[in-house]
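Colleague: I should be grateful for some guidance on reading this entry. Please show me the structure, and let us begin with a side chain.

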Amino acid sequence: MKIIETERWVPSKEDPSRSEYIGQRTGQEVFEELRQQLENMGCLPDEYFLLDQRWENGREIPEGADIFCTTDYGASEGIYLDVYLKWYEDGNPVTKGFITGKTLGESGDDLDRMFLISSAITKAFHGDGASHARYIRLGESQIPASGVFHLSLEEQKTIIDALITQHEKYLGLIANTESLLRRMTGGITQYIDQMGRLPLQINNYDQITLAVRDGNLDAFKSLLTQVLEYSDDLLTQTAGRSGEVGSKMMILLMAACDHFGSESYLLASKLAVKTGDVERLRFLMDQAETYTLEMEPGFVGRMIRDAYSLNPYIGREMMDHATNEQIAAAPAELMLAAAYNRDSRAAFTLARKGIDITGRASEVIRQYAQRGDAWELEQLIKDGMKIQPTNLSALKACVQSDLLGSAKLLLEKGTDYEKFLSWAKTIGYELPAVAAAELSEYWEQLDPGRTQGQDPGMGGMSLG
């Protein structure tokens, strides 16, 4: 079993035989890899297994942090498994919660199972002397004398039923049996290697799907060229597969293919967000034009929008990585989402890269008005956030929200005040007298002589 690393290492450019430390992995990325590994082993707690909120939003695991587990009955119900990180700051120990798992069961049998899950987590980070986390040594077909198995009552019944009916040929395996096979052999692909025969009637595509789920890179490589007709589906599977092995599978697949469907590529990007792997998302962004046929201008922007809705931290990292052209073509909903989230960092990144919010401008303006952040809206417009001059509704939203500073900026950016007044008249909207007077005066300053014949006291409507 490959140990889960909390650090990032890459081959040295000067000496490829050596590795260089480049930083720490994020808590979410490590959590997703651990969750995937436990799921493959049939070792996830049955109620929940959750990352502590403090490690979301891209927080990195501290350098030198150790990982340990505690397991105990809950105060009111169930049994809890808590995973902690411990490190030192200025010579003082710091311990913070990392992950919490729970089972609703409260029997001794349930307690034993939670302790075995705790053991599997410890081995995932510290190793187990080449012994499998399912308590069987790699390459051995016999269970070692020191091996420990924990079977629930339901799993025990599964084995008893299998022994009673072993003369019958199974055409399929129920969930408990598959889970047990995974725990005993490391996954169905390893079972095939050890037993020399198929446990199920499965084709090459089924096998590579299991290889992705089990993280069996060798099996994936051997089957890849035989299932390229399923490349779109495999892209979504590998992109969403946590850990380094998922990244390697995705890159191998992309190297073997010419292109993917645009919707499959978008889905793959969304699934990759859950892995917490920012580099994987950046890679998908960089390769989008190469691997999607007739890519629309706003395609990468849609990738960023979807990512931001799922994980704002990763979305912001993708915004930083995107080119000005990619952001300029991004959906206006992206800026609206940043406004709803009160995410000034994202908003200013989008503005400085020239996002065009014309289609949702009124909603963005009203959101900033409700927040009372007139200064931020003005600065976003100054920094480059685009609202096309033809969008007269945006100017109306500014006037209605008493954001006259932003309204003046829209006039500076090309919105025609006279056309706005004419349009307002046709829809039956009358400007407040104070706003009409101030904007008329400002319009005159921008282009002297164009407001002659207008009476601010009449709501800025033309008398001619």
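Colleague: Which backbone nitrogen does the side chain of D52 reach?

Modeller: A polar contact is a pair of N or O atoms within 3.5 Å; within protein, one must be able to donate a hydrogen and the other to accept it, and residues adjacent in sequence count only if both atoms are side-chain atoms. In this predicted model, the side chain of D52 reaches the backbone nitrogen of R54 at 3.0 Å. D52 itself is found in the loop between β3 (48-51) and β4 (66-73); strands (E, at least two residues) and helices (H or I, at least four) are DSSP runs, numbered from the N terminus.

Colleague: Is D52 buried or exposed?

Modeller: Buried means under 20% relative accessible area, exposed over 50%, and partly exposed in between (1.4 Å probe, protein chains only). With a relative accessible area of 25%, D52 is partly exposed.

Colleague: Which residues does D52 touch, not counting those up to four places away in sequence?

Modeller: A contact means heavy atoms within 4.5 Å. On that basis D52 touches G97, F98 and I99.

Colleague: What conventions and limits apply to such values?

Modeller: Residues are numbered from 1 along each chain as its sequence is written, and side-chain values use heavy atoms, with hydrogens and water left out. As the model is predicted, local features need pLDDT of at least 70 and side-chain atom pairs count only at pLDDT 80 or more, while totals for chains, interfaces and linings use all residues.

Colleague: Which residues of helix α18 are buried?

Modeller: In α18 (residues 374-383), the buried residues are E376, L377, L380 and I381. Seen down the helix axis, they fall within an arc of 135° (taken from the directions from the axis to the C-beta atoms), so they line one face of α18. These residues pack against α16 (344-352), α17 (361-371) and α20 (404-412). After α18 comes G384, with a positive phi near 135°.

Colleague: How many disulfides does a search of the whole structure find?

Modeller: A disulfide is a pair of cysteine sulfur atoms within 2.5 Å. The search finds zero. As for individual cysteines, C69 is buried at a relative accessible area of 17%, and C398 is buried at 0%.

Colleague: Which element has the lowest mean pLDDT, and which the highest?

Modeller: pLDDT is the predictor's confidence in each residue, from 0 to 100. Helix α5 (residues 188-195) has the lowest mean, 54, and α16 the highest, 96. Over residues 167-173 the pLDDT is below 50. The protein chain averages 84, and 81% of the residues score at least 70.
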